[in-house]
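Biologist: Pick one chain of this model and give me a close look at how its helices and strands are packed and paired there. Take your time over it.

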Amino acid sequence: MKRTGFVFVIAILCSVSLGCTCSRQSTTSYAAEEGFGAQRVQLASIQTASLQDASAEEEEVELVESSGETVPDPLEPVNRAFFEFNDKLYFWVLKPVATGYKTVVPEEVRVCVRNFFRNLSFPVRLVNNVLQGKFFGAFEETCGFLVNSTVGLGGLADIATAIDLKRHEEDLGQTLAVYGSGPAFYINWPFFGPSTLRDTIGTAGDIFLDPLTYLGDYWYAPGARGLNVVNETSLKIGDYESLKKAALDPYVALRDAYYQNRLSKIKE
Amino acid sequence: MRRKGWTGIVLLALWAVCGFDPAWAGVPTEKIKETTDKILVIVSDPALKDPSQAAQRRERIRKTVDEMCDWEEMSRRALGRHWAKRNEQERKEFVRLFGQLLERTYVDKVEGYSGEKVNYTGERVDGDYAEVDVKIVTKEKTEIPVVYKLRNKDQRWWVYDIVVEGVSLVNNYRTQFSDIMAKSSFEGLMQKLREKSAE
C-alpha cells in the first residue's frame with residue numbers, strides 16, 4: 001500500500017505532464033489498494049493474538065476501568081468554569097461568525113482554505129515524524145507536500161490524498177508521549193479548549209515549526225490563525241451540538257473524547 | 001506457451017477476486033454492510049424526506065439499528081463494575097433508558113446524512129469477537145475512521161461498541177456514568193437518564 005503511494009506520485013506527475021486527468025488514477029489506486037488490503041488483513045487475522053483480551057467479560061471490563069484509562073483532572077472546578085466560558089464563546093461568537101462566513105463563502109472554497117492551512121503546517125508533521133522515527137511517514141508527508149504545493153496550486157487542492165498518499169498527523173505532544181511522557185493532567189483552556197499539560201507543552205513547541213508564526217508583522221499571524229479557526233468551524237457546525245445532545249455530562253464527555261482520541265493517535 | 005496463457009488467466013481471476021469482491025469480507029462485515037445499506041436506502045428515499053414523514057422515517061431507522069446493536073451488552077459494559085450491584089429491575093430500566101439514548105444519538109447522526117460514502121477497509125475475527133473497520137468519507141473529503149466491535153451471540157453478530165476516531169462510545173459513557181455515580185449515586189444517574197430521555 002505504501003509502495004502504491006510512491007508509485008502514484010510518479011504516475012500523477014507523469015499524467016499531469018501528459019495532460020491526463022487524475023480521476024482515473026485514483027480509481028486504479030483504489031482497486032490496487034483493495035488487493036493489498038486483502039492480503040494485509042488476512043495476515044493480520046492469522047497473526048492477531050486475541051481480540052478477546054481487549055474486550056470481554058465483566059471482570060475484564062473492571063480491569064479496563066481501573067487501569068488508568070481516564071485522565072487525571074485535579075483542576076476540574078477551574079476547567080469546568082472555562083468549559084462554560086468556551087461553550088458560550090462558541091454559541092455567542094464563533095458559531096454566528098462561522099455561520100455568516102459559511103453563507104458567504106462556498107463550500108469548495110472553504111475546503112481549499114482548509115487544504116491550504118493543512119499543507120502549510122507540513123514542517124510540524126515532518127519534524128515530529130522524524131523525531132518519532134517514523135521515516136516512511138516523513139517521506140510520505142514530504143511527497144504529499146511537494147505534490148500539493150506544486151500540482152495542488154500552493155496547497156489549495158489536496159492531490160496527495162486523491163493519489164493515496166496518507167497523511168501522518170504527528171505533533172510534539174504525541175512525540176513526547178512516544179518518548180515516555182504521560183499526559184500529566186487535563187487542562188481545558190479558555191479559547192483553545194481541551195488539552196493536557198503534556199499536549200500544551202507540545203503545542204507551544206509546535207508553534208515554532210508553524211510557518212504562520214513567521215508571517216512578519218504581528219497582525220498577520222493571528223489574522224491567519226483566526227481565519228483558520230472560523231473556516232474549520234464552518235466545516236463542522238453541528239459536531240459540538242451533537243456531542244452535547246448525546247452527553248449526560250458534556251464536560252466529562254468532551255474530556256474523555258479528547259483523551260481517547262489522543263491515545264489512539266499516539267498508538268498510530 | 002499454453003502454460004503461460006493459463007497463468008495469465010489465473011492471475012487475472014485472482015486480481016478480479018481481490019479487486020472487486022474483497023476476499024476478506026466475512027460475516028461481521030456483511031452484517032454491518034447490510035444494516036448500513038438499509039439505512040442508506042431509508043435516508044435517501046425521497047418519499048420519506050417530506051417533513052410529514054419524519055416520524056415514520058425515524059421509526060424505520062430505529063428498527064434497523066435495533067437489528068444490529070446489542071443494547072444490553074452496551075449497557076453492561078458502560079456500567080462496568082456497577083452492573084453487578086444492580087438488581088434485575090434496575091438493570092432492565094437502565095437498559096431501556098440508555099438504549100433509547102444511544103438509539104436516538106445514532107438516529108440523529110444518520111438523519112443528517114448528506115452523501116457520505118462508506119468504505120469497508122478491514123475485518124478481524126477472533127472466536128466470538130470481531131472488529132469491522134469502516135471509513136466514512138464526507139462530502140468535503142474528510143475521512144472518519146470507525147470501528148464496529150461485534151460479538152457472536154446465538155449464531156448472530158451483534159454490535160456492542162462503536163469507536164469513532166479512536167473514541168469508544170461505550171468508554172465515553174462509562175467515564176460519564178462513573179463520574180456521575182461518584183458524585184451522586186446510581187439513582188442520581190437514573191434521574192439524569194430519565195431527564196435526558198424526556199428532552
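Modeller: Here's a walk through a helix pair and then a hairpin, both in chain A.

Bear in mind that this is a predicted model, where local features need pLDDT of at least 70, side-chain atom pairs count only at pLDDT 80 or more, and totals for chains, interfaces and linings use all residues. Residues are numbered from 1 along each chain as its sequence is written, while chains are lettered from A and ligands numbered from 1 in the order in which they are written.

Start with α7(A), residues 122-131, and α8(A), residues 135-150 (helices are DSSP runs of H or I, at least four residues, and strands runs of E, at least two, numbered from the N terminus). Their axes come within 8 Å and cross at roughly 160° (lines fitted to C-alpha atoms over the stretch in contact, with angles from 0 to 180 degrees between N-to-C directions). So α7(A) is roughly antiparallel to α8(A) (over 145 degrees). On the α7(A) side, the contact (C-beta atoms, placed from the backbone, within 7 Å) uses Phe122(A), Arg125(A), Leu126(A), Asn129(A) and Val130(A); α8(A) brings Gly137(A), Ala138(A), Glu141(A), Thr142(A) and Phe145(A). Sorted by type, that's five nonpolar, three polar and two charged (Ala, Val, Leu, Ile, Met, Phe, Trp, Tyr, Cys and Pro are nonpolar; Asp, Glu, Lys and Arg charged; the others, Gly among them, polar).

Now the hairpin: β1(A), residues 186-189, pairs with β2(A), residues 193-196, in the antiparallel sense over four bridges (pairing takes at least two DSSP bridges). Within it, Asn188(A) sits opposite Pro194(A) of β2(A). Three residues separate the strands, and Phe191(A) in the turn has a positive phi of about 70°.

Conventions:
Parallel < 35°, antiparallel > 145°, perpendicular 65-115°, else oblique. Contact = placed C-beta atoms within 7 Å.
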